[in-house]
Amino acid sequence: MAIEAIEAADYRRIIGQFATGVAVVTTANDGLLHGMTANAITSVSLDPPLLLVCIDKAAHSHDQFTQSGRFTVNILAEDQQEVSKIFAATSEPEQGRLQGVAFHLGANGVPLIEGCLAYIECAVADQFEGGDHTIFTGSVEDATVARGAAPLLFYQGKYRRLAD
Ligand SMILES: Cc1cc2nc3c(=O)[nH]c(=O)nc-3n(C[C@H](O)[C@H](O)[C@H](O)COP(=O)(O)O)c2cc1C
């Protein structure tokens, strides 16, 4: 018996039952700084430390990741919903979405957004086909917990907070 194809909108709703944290993945490519909100992020390996992030092939960030070969995962705190919204609106890297957002550059030249819970600085290790996304694995080069605060969460298509 053939299995019926699941529509994209249904799949989004169903996978939205899986609660996640929220991060902004930032890059620096040839002087252009860019960032994109992402929750398709998973730790892959402890030794060596590796993580993965899935990026839509249509996103500007996709080419920035491919060209720069480095990125940083900025894990958002619960009071950074506005930051998540800024980086979830598509923009050309030239338009400088980082304008108006407080940040400094890490040792690898990639932006670290102020106020985040943690930063994980990576070099792109590999790229794998993932349908309309590319799966980028990142080799973790530096990582820090910067702030003791509650995380921003995403569940059923909405921002959420941990219960007390
Ligand atoms: C909570 C949340 C999580 C998201 N996670 C991802 C993700 O993991 N991968 C992805 O490609 N897009 C994700 N997006 C969508 C991108 O943030 C969005 O397409 C963005 O506009 C891309 O920007 P760019 O085209 O300037 O790179 C997410 C959006 C939100 C609000």
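## Close-up views of a predicted model

**View 1. The ligand shell, sorted by residue class.** The shell around the ligand is made of ten nonpolar, seven polar and one charged residues. This is a predicted model, so please read each view with that in mind. In total, 18 residues surround the ligand. If you would like a place to start looking, find A38, A40, D56, S61 and T90, which are the closest.

**View 2. Elements that contribute to the ligand shell.** Two strands and a helix can be picked out here: β3 (32-38), β5 (49-56) and α2 (60-68). Each of them supplies at least two residues of the shell.

**View 3. The chain around the site.** Stepping back for a moment, you can find three helices and twelve strands along the chain. With a radius of gyration of 16 Å, close to the 15 Å that the globule rule gives for 164 residues, the chain is as compact as a globular protein of that length. Its C-alpha atoms fill a box of roughly 55 × 40 × 40 Å along the principal axes. Buried residues account for 28% of the 164 residues. Of the contacts between residues at least 6 apart in sequence, 67% join residues at least 24 apart.

**View 4. An open sheet of three strands.** Follow the order β1-β11-β12, where the pairing is antiparallel. β1 (20-21) and β12 (158-160) are the edge strands, each with a single partner, so one side of each has no neighbour in the sheet.

**View 5. Where β11 meets β12.** Strand β11 (residues 153-155) pairs with β12 in the antiparallel sense, over three bridges. Look for Y155, which stands opposite K158 in β12.

How values were computed:
Residues are numbered from 1 along each chain as its sequence is written. This is a predicted model: local features need pLDDT of at least 70, side-chain atom pairs count only at pLDDT 80 or more; totals for chains, interfaces and linings use all residues. A residue is near a molecule or strand if its C-beta atom, placed from the backbone, lies within 6 Å of it. Helices (H or I, at least four residues) and strands (E, at least two) are DSSP runs, numbered from the N terminus. Ala, Val, Leu, Ile, Met, Phe, Trp, Tyr, Cys and Pro count as nonpolar, Asp, Glu, Lys and Arg as charged, and the others, Gly among them, as polar. The radius of gyration is taken over C-alpha atoms; the globule rule is 2.2 Å times the number of residues to the power 0.38. A residue is buried if 20 or more other C-beta atoms lie within 10 Å of its own, exposed if 12 or fewer, and partly exposed in between; C-beta atoms are placed from the backbone. Two residues are in contact if their C-beta atoms, placed from the backbone, lie within 7 Å. Two strands pair if DSSP finds at least two bridges between them.
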